[in-house]
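The following exercises are to be worked through with the sequence and the model in view. Each task is followed by a solution in steps.

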Amino acid sequence: WTVMFGGYAEHGHGAEALKLFWQMQRESVKPDQVSFASVLKACTNLAALEQIHSLIIKSGFESDIFVGSILIDMYAKCGSIERARQVFDRMPRRDVVSWTAMVTAHAQHRNGEESLRLFWEMEQEHVKPDPVTFVSILKVCSSLLALEQGKKIHAHIVKYRLQSNVFVGSALIDMYAKCGSILHARQVFDTMSRKNVVLWNGMISGYAQHGRGKDALQLVEKMKQEGLELDCITFSGILSSCSHAGLV
């Protein structure tokens, strides 16, 4: 049952997934953590989500970290940060996934200050952030133009030895560029041992934001020398760089 309605949910057929889930209920098959995690992803509106949530409480799975983290994420996606926070506050134990879900939920609702507060509270609770946590909180710093906070978070990234992660590196480059420090962005880029297209594009876009078209074009040439294929985002960055620099 779980595999079937989970497959529907994964492919965007939420209504079919929910229909199958309730059919399972009628046939007296008890859902487990995996069942609830799968069907929660099928809930595209608050009413459906609250209905499943009620059943989760009755079944005794609300305190499960795995289920609780998905509940937080889905309540945020369905527009209820308040319900997401209620689930989070009631969790007897929280891991990095549940903390990250709550940090991201506030970010999605443009409450970056609360995301940052939660991130530092998470640190005080000695929960080690993972790359997903850092990418999420760096996006918050970018949106708030919070350079000093971004620098502090960068220090923690180094502390946890995640600076070589390409997703974290890309988020750092984007944060520094958007917060006005293109020099720091380039330093991050240069220290990355592995550079994928996303990293190159991020640095090119950063130069574009700062009107440094020639630097962007030089980077494109280096990218080609490395044997990397330019994609539509690369070309968009090139055009933007040239436009800002008055080269077109």
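## Exercise 1: A loop residue

The place of His126 is in the loop between helix H8 (112-124) and helix H9 (131-144). Determine whether His126 is buried or exposed in this predicted model.

**Solution.**
Step 1. A residue counts as exposed when its relative accessible area is over 50%.
Step 2. The relative accessible area of His126 is 74%, and His126 is therefore exposed.
Step 3. The backbone may be examined as well: phi of His126 is near 60°, a positive value in a residue other than glycine.

## Exercise 2: A second loop residue

Carry out the analysis for Ser28, which lies in the loop between helix H2 (14-26) and helix H3 (33-40).

**Solution.**
Step 1. The relative accessibility of Ser28 is 64%, so Ser28 counts as exposed.
Step 2. Ser28 is a residue other than glycine with a positive phi, near 60°.

## Exercise 3: The span of a helix

Compare the expected and the actual span of helix H13 (residues 197-209).

**Solution.**
Step 1. The expected span is 1.5 Å times one less than the number of residues.
Step 2. Helix H13 has 13 residues and should therefore span 18 Å.
Step 3. The end C-alpha atoms of H13 are 18 Å apart, in agreement with the expectation.
Step 4. Among the buried residues of H13 are Leu199, Trp200, Met203, Ile204 and Tyr207.
Step 5. After H13 comes Gly211, with a positive phi near 70°.

## Exercise 4: The two sides of a helix

Identify which residues of H14 are buried, and explain how they are arranged around the axis.

**Solution.**
Step 1. Helix H14 (residues 213-225) reaches 19 Å from its first C-alpha to its last, close to the expected 18 Å.
Step 2. The buried residues in H14 include Gly213, Ala216, Leu219, Val220 and Met223.
Step 3. These residues cover an arc of only 120° around the axis, so they lie on the same side of H14.
Step 4. An α-helix has 3.6 residues a turn, so residues three or four places apart point the same way.
Step 5. Lys214, Gln218 and Gln225 are exposed on the other side of H14.
Step 6. Gly227 follows H14, and its phi is positive, near 85°.

## Exercise 5: The whole chain

State how many helices and strands the chain has, and what percentage of its residues count as buried.

**Solution.**
Step 1. The chain contains 15 helices and 0 strands.
Step 2. Of its 248 residues, 48% count as buried.
Step 3. Along the principal axes, the C-alpha atoms fill a box of roughly 65 × 40 × 30 Å.

Notes
Residues numbered from 1 in each chain as written. Predicted model: local features only at pLDDT ≥ 70, side-chain atom pairs only at ≥ 80, totals over all residues. Heavy atoms only, no water. Helix = DSSP H or I, 4+ residues; strand = E, 2+ residues; numbered from the N terminus. Buried < 20%, exposed > 50% of the residue type's maximum accessible area, 1.4 Å probe, protein only. Arc of directions from axis to C-beta.
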